[in-house]
Amino acid sequence: MPDLSALLVIDVQNDFCPGGALAVAGGDDIVPGINALMDGFDAVILSQDWHPAGHSSFASSHPGRAPMAMIDMPYGAQVLWPDHCVQGSNGAAFHPDLRVDGDLIIRKGFNPAIDSYSAFFENDHTTPTGLEGYLRNRGIGRLTLVGLALDFCVNYSAVDAARLGFDVTVRRDLCRAIDLDGSLAAAEAEMAAAGVTMG
Ligand code: VGL
Ligand code: ZN
């Protein structure tokens with residue numbers, strides 16, 4: 001079994017960069033460093049948050065609820081976000097300076113009823129995106145994660161990957177966080193507990 005490496009670039013999209021609908025401070029600062037890293041891997045995979053209009057994770061879909069509030073969904077607690085990364089919108093597009101000559105673009109969050117922070121499973125922690133099968137089929141065992149946001153989609157993806165048995169490194173310097181109510185500290189603890197290396 002070959003043990004190839006992949007760079008997994010999480011959600012480097014306009015809506016997560018300054019000026020976007022769910023802007024992460026300094027989200028665009030990491031683009032040059034991510035581009036420079038790409039040539040050092042056997043595969044480059046980009047994830048793209050990709051919600052239909054009216055997605056259940058949008059506060060606007062829940063009358064009277066404000067963005068950043070919590071709600072109980074059938075699959076567990078869920079943050080209500082501003083409308084973001086709507087399929088086909090400019091906000092859902094990759095940052096214009098990001099290299100997009102990678103091997104695979106994996107879209108997530110397209111199920112209207114379930115959010116998907118992780119590039120591996122939807123937020124029910126059960127419905128797969130197909131990324132695991134792709135990686136195993138290509139003989140990829142080692143993953144380096146970069147992107148946005150460190151405390152949500154990078155965290156969920158890294159923890160899922162480690163639990164699935166991949167060797168996972170998160171390049172913290174090439175991530176930026178939302179940091180909502182202690183979410184960054186919690187994410188760092190979760191990643192450490194799952195055996196993720198912080199590079
Ligand atoms: C993300 C919140 C909602 C992320 C995506 O990419 O971290 N965060 N959708
Ligand atoms: Zn989203």
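Helices (H or I, at least four residues) and strands (E, at least two) are DSSP runs, numbered from the N terminus. With that in hand, welcome to a tour of this predicted model, starting with its sheet and ending at a well-covered helix.

## The sheet

Six strands build an open sheet, and their order across it is β5-β2-β1-β6-β7-β8, with parallel pairing. The edges are taken by β5 and β8 (197–198), each of which has a single partner strand, so one side of each is left without a neighbour in the sheet. Further in, β1 (residues 4–10) pairs with β2 in the parallel sense, and five bridges connect the two. If you would like a register point for that pair, A6 stands opposite A43 in β2.

## The zinc site

Which residues hold the zinc ion (ligand 2)? The ion is coordinated by D49 through OD, and by H51 and H84 through NE2, at 2.0 to 2.1 Å. Along the chain these donor residues follow the spacing D-x1-H-x32-H. H51 belongs to the loop between β2 (43–49) and β3 (70–73), while H84 belongs to the loop between β4 (76–79) and β5 (104–108), so the pair ties together parts that are 33 residues apart in sequence.

Why is the arrangement around the zinc ion (ligand 2) irregular? Its four donor atoms subtend angles of 89 to 168 degrees, and that makes the arrangement irregular. For comparison, four donors count as tetrahedral if all angles lie between 85 and 135 degrees.

Both histidines of the site are covered: H51 is buried, its relative accessible area being 0%, and H84 is buried as well, at 2%.

## Around ligand 1

Ligand 1 has D11, F16, L22, D49, W81, H84, L148, A149, F152 and C153 around it. Among these, D49 and H84 are also zinc donors. The table lists three polar contacts to ligand 1.

| Residue | Atom on the residue | Atom on ligand 1 | Distance |
|---|---|---|---|
| D49 | polar side-chain atom | nitrogen | 3.1 Å |
| H84 | polar side-chain atom | nitrogen | 3.1 Å |
| C153 | backbone N or O atom | oxygen | 3.1 Å |

Two of the surrounding residues, L148 and A149, are worth a look for their backbone. The peptide bond joining L148 and A149 is cis, with omega at about -15 degrees. A149 itself sits in the loop between β6 (140–148) and α3 (150–163).

## Two loop residues with positive phi

If you check the backbone torsions, you will come across C85, which is not a glycine and yet has a positive phi of about 50 degrees. C85 is part of the loop between β4 and β5. Is this residue, C85, buried or exposed? C85 is buried, with a relative accessible area of 0%.

H125 is not a glycine either, and its phi is positive, at about 60 degrees. Its position is in the loop between β5 and α2 (131–137). At 48% relative accessibility, H125 counts as partly exposed.

## Two buried loop residues and their contacts

F94 is found in the loop between β4 and β5. With 13% relative accessibility, F94 counts as buried, the limit for that label being under 20% relative accessible area. Leaving aside residues up to four places away in sequence, F94 touches V12, Q13, N14, L46, S47, Q48, V100 and I105. F94 and D15 are 79 residues apart in sequence, but their C-alpha atoms are 8.9 Å apart in space.

H55 lies in the loop between β2 and β3 and is buried, at 0% relative accessible area. What does H55 touch, not counting residues up to four places away in sequence? The contacts of H55 are S61, G109, N111, P112, I114 and D115.

## Helix α3

How many residues of α3 are buried? The helix is mostly covered, with 12 of its 14 residues buried. Among the buried residues are F152 and C153, both of which also appear around ligand 1. The buried residues of α3 pack against β1, β4, β5, β6, β7 (167–176) and α4 (183–193). After α3 comes G165, whose phi is positive, near 100 degrees.

Key:
Residues numbered from 1 in each chain as written. Chains lettered and ligands numbered in written order. Predicted model: local features only at pLDDT ≥ 70, side-chain atom pairs only at ≥ 80, totals over all residues. Heavy atoms only, no water. Donors = N, O, S within 2.8 Å, 3.2 Å for Na, K, Ca; no water. Tetrahedral: all angles 85-135°; square planar, octahedral: opposite > 155°, others 65-115°. Buried < 20%, exposed > 50% of the residue type's maximum accessible area, 1.4 Å probe, protein only. Contact = heavy atoms within 4.5 Å. Pairing = 2+ DSSP bridges. Near = heavy atom within 4 Å. Polar contact = N/O pair within 3.5 Å; in protein donor to acceptor, adjacent residues only side chain to side chain.
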